[in-house]
Amino acid sequence: MKKEILRLAACLTFALIPLFASAQEEQKPAVVFMGDRTIIYIDRLPLQGDETLLDVLQIYPELLVKGFEDIIANYQVRMDNTAIFCDVRQYLANTPARNIRTMQIVETPSVAKGVTGIGGVIDLNPKSNEEGTHGFVGLEMDTKGGVSPFTAINSGIKHPQGSSTDIYGSASFNDHSRHGDTNLGEHATVNITHNFGAKDRMILFLRQGYSRSDYEPMSSSNRDYMAHLYHYHTFNDIGTMLLLVAGYRYQDDRVNYDPKPLYTKERSTTGLQTYVAELNTPLPFLGGTQLMLGWEGDFIHLPYNLRQAMTDNSATATGSVTKELSFHDNYTISVNDFYLMLDYRLGPVTLSAGDRVSVYHYGMETSGSTASYNPVRHTPMGTIVANLAPSHQLRGGYARRFINPSFLSVLPTSYPARDGQRWISYTNPATEERADVYSLAYSYSHSSINGNLSAKYTHFTNIDENTLQVNAAVDWRRDCFSLTAGASLCHSDSYGDKKTYAYIRLAPTVRFSHDWRIAAQGIWRSAKAPELAILDDAAVYTLLSVSKTFARHIALTAQWHDIFNSNRSAALITAKYLF
């Protein structure tokens, strides 16, 4: 017991050393600013080996401010630039960080990633594993009786002719039938990377998912299948590379009502085709300039089925007659994006500028009626990154974003009429909102310390709403102790309703001998801040986690948190087998 106390005392003593003291040895920074993204190089962090992706993400100040249920805010999780749909909290909390090479947090993904809205993208790049197999299988159990198995496996094969194949797969199953929310969901992904040689690489990404929900009086189910094929070809020694992508996504949505309402969409089956051609190359004749030039297109045909149950009281002399009318509409949506980005390096300064021009086609076809809408949208961006010193970076930028560009808002919708015909309702196509986003960020990354300051001002041009958000985070790691702290201050003005609120979070972790680990997280929100969960308006949120690893292969974790809602109970136990 004395040894444990002395060990803990030594850790806390080290914690009193000034956080930003310079180290003797030179070390590449773990957090690096690029034009439109922040890259976290996981191998450059002083990790102990048991950290998860969730532990690493706490370095970034905009994330993990709302606690257990909303850990990544408005960010979409991808792997090799392909969206993964799963229980995000479960996946990030159980995937070892050492399995991932880099995490790219793309703050302005409209140009390079083609993402609308004001959210961002977290793009995970897994490590290549040329030989052997490693991964984990596990179960998550909660006090409400829910059991959720999950797994992730990485296997590598090195071929005699010099090529290699890397296979990364993950799967999860969630049954929340006792929780009153989504009843059942299962997801599986497979990422197969084949390196033909130094100049050719191919990635096949496969994903399938199923979800079922029951809400009185409605039940729905969704099946989702997707396949993407990437081919990278390098032409020369300076790194000129061509990327070709072909993808297909199939969805089958079914909705049932009991009793049936007046109008029912019973089934919708869609197939989305996606194509990408992208060129990345340095331009030697323009100094340190890097060019990205690309085209991305997709096409979807969406049949829309409507059913109406109608009672005609005057149809017969004996009583009313119920008629069922059915109508079928066809929507055609296609998008062609043309994007360009230039990065120009001038000493310690990098200038980035780009634009994505999106050409939309929204069309509707029904018996005796057609309609279409063809808008064009520009999403320019520009940033400047200054490397002030080996450990210090500064970035400022501007990006235009668009919100709510839904085809349902710009196309007419048909409804059955009482005479068995149909009438068509038109809506105003000018429903999307434009936002201008201005940002400024500073990063310090050296040895065991990573600090980040950022400010973001969002101005909505066609509505009376503006927000200013200031974020700060610091992450400090030693062998037996780590501490992550962060704060977010937000001022919003929505139609004259002004309010200022804040989040403050603190997450310490202590390691003991015999592979024991205790982690805690505390989040405080001010009075006007949005609630941390739908069913909880508490001002303080806490989480306590105790973990133990047996013989390096069996890991047990017990968690308690005080956000109570329909999906999660307050206590969870996770068991994993690592191999």
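Which backbone oxygen does the side chain of Arg505 reach at 3.3 Å? Hold that thought while the setting is laid out. The model is a predicted one.

The chain has 579 residues, and 46% of them count as buried. Its secondary structure comes to three helices and 33 strands. Many links run between distant stretches of sequence. Take the contacts between residues at least 6 apart: 57% of these join residues at least 24 apart. The chain exposes about 27900 Å². Carbon and sulfur atoms supply 60% of that area.

Now back to the opening residue. Arg505 lies in strand β29, which spans residues 497-512. The answer is Gln58: the side chain of Arg505 reaches the backbone oxygen of Gln58 at 3.3 Å. A second backbone oxygen, that of Tyr60, is reached at 3.4 Å. Arg505 is buried, yet it has no salt bridge. The nearest side chain of opposite charge belongs to Asp475, and it is 7.6 Å away. A salt bridge here needs nitrogen and oxygen within 4 Å, so Asp475 at 7.6 Å does not qualify.

Other charged residues do find partners. Side chains of opposite charge can pair when their charged atoms come close. The count for this model comes to 14 salt bridges.

Start with Asp224. Its side chain meets that of Arg207 in a salt bridge, 3.6 Å from N to O. Arg207 sits in strand β11 (residues 200-215) and Asp224 in strand β12 (residues 218-234), so this pair ties together parts that are 17 residues apart in sequence. Both Arg207 and Asp224 are buried. For Asp224 the relative accessibility is 8%, which is why it counts as buried.

Asp224 also forms a salt bridge with Arg249. In that pair the closest N and O atoms are 2.6 Å apart. The link again joins distant parts of the chain: Asp224 is in strand β12, and Arg249 is in strand β13 (residues 241-257), 25 residues apart. Arg249 has a relative accessibility of 23%, so it counts as partly exposed. Asp224 thus has salt bridges to Arg207 and to Arg249.

Move on to Arg356 and Glu296. They form a salt bridge, with the closest N and O atoms 3.1 Å apart. Arg356 lies in strand β18 (residues 349-366) and Glu296 in strand β16 (residues 288-312), so the pair ties together parts that are 60 residues apart in sequence. What is the burial state of each partner, Arg356 and Glu296? Arg356 is at 2% relative accessibility and therefore counts as buried. Glu296 is at 21%, so it counts as partly exposed. The cut-off explains the split, because buried means under 20%.

Salt bridges also form a network. It links Asp50, Glu51, Asp55, Arg511 and Arg517. Arg511 falls within the residue range 497-512 of strand β29, the strand that holds Arg505.

Finally, turn to the surface. A nonpolar patch there covers about 570 Å². Its residues are Val137, Ile153, Phe550, Ile554, Leu556, Tyr577 and Phe579. Tyr577 is found in strand β33, residues 571-578. With a relative accessible area of 41%, Tyr577 is partly exposed. Patch members need over 30% relative accessible area, so Tyr577 at 41% passes that cut-off.

Methods. Residues are numbered from 1 along each chain as its sequence is written. This is a predicted model: local features need pLDDT of at least 70, side-chain atom pairs count only at pLDDT 80 or more; totals for chains, interfaces and linings use all residues. Side-chain values use heavy atoms; hydrogens and water are left out. Helices (H or I, at least four residues) and strands (E, at least two) are DSSP runs, numbered from the N terminus. Buried means under 20% relative accessible area, exposed over 50%, partly exposed in between (1.4 Å probe, protein chains only). Lys and Arg count as positive and Asp and Glu as negative; His and the chain ends are not counted. A polar contact is a pair of N or O atoms within 3.5 Å; within protein, one must be able to donate a hydrogen and the other to accept it, and residues adjacent in sequence count only if both atoms are side-chain atoms. Patches are made of residues with over 30% relative accessible area and no salt bridge: like charges are joined within 9 Å, nonpolar side chains (Val, Leu, Ile, Met, Phe, Trp, Tyr) within 5 Å. Accessible areas come from the Shrake-Rupley method with a 1.4 Å probe; for residues, only the protein chains shown count as cover. Contact means heavy atoms within 4.5 Å.
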